[in-house]
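Notebook open, structure loaded. I want to look up a few contacts and then work back to the helix they belong to.

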Amino acid sequence: ASPIYNGLAGAAAGAVSVIVTMPQDTIKTRMQGEEAKKLYKGTMDCAMQIMKNEGPAFFFSGTWPRMIRVSLDVGITFCVFPLLSKYI
């Protein structure tokens, strides 16, 4: 397969992975905050509070910057690795 095809496939895979994992990443980020122990009883409590206070769309806030970063990262890796593997 061509490097361009590999890169586009990698970028698409990266974008899908961001969409699928964004809610978990949002909860993880909240739980890593310094105030988390005071604000939340655990992971499920954090998720429920986000749902109640900010709404379901908040789980996907920050998706675009993360999607651009991950898609470029995976796309470039999928494009370059097969080319470099010939010399490794």
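I started with Pro-82, keeping in mind that this is a predicted model. Leaving aside neighbours within four places in sequence, Pro-82 is in contact with Asn-6 and Thr-77. I found Pro-82 in helix H4. Buried or exposed, or something in between, for Pro-82? Pro-82 comes out as partly exposed, because its relative accessible area is 31%, and the buried class stops under 20%.

I also checked Pro-82 against Ala-1. The two are 81 residues apart in sequence, yet their C-alpha atoms sit 9.4 Å apart in space.

Next I went to Asn-6, which is in helix H1. Asn-6 counts as buried because its relative accessible area is 18%. Which residues does Asn-6 touch, leaving aside neighbours within four places in sequence? I got Ala-1, Phe-78, Cys-79 and Pro-82.

Then I looked at H1 as a whole. Its buried residues include Asn-6, Gly-7, Gly-10, Gly-14 and Ala-15, and further along Val-18, Met-22 and Asp-25. I noted that residues three or four places apart on an α-helix point the same way, because there are 3.6 residues a turn. What do the buried residues of H1 pack against? They pack against helix H3 (43-53) and helix H4 (63-85).

Last check was the span of H1, residues 3-32. Its end C-alpha atoms are only 38 Å apart, whereas a straight helix of 30 residues would span 44 Å. I looked for a bend and found one of about 55° at Thr-21, with Pro-23 following within four residues.

Note on methods
Residues numbered from 1 in each chain as written. Predicted model: local features only at pLDDT ≥ 70, side-chain atom pairs only at ≥ 80, totals over all residues. Heavy atoms only, no water. Helix = DSSP H or I, 4+ residues; strand = E, 2+ residues; numbered from the N terminus. Expected span 1.5 Å × (residues − 1). Bend = angle between axes of the 7 residues up to and from the residue. Buried < 20%, exposed > 50% of the residue type's maximum accessible area, 1.4 Å probe, protein only. Contact = heavy atoms within 4.5 Å.
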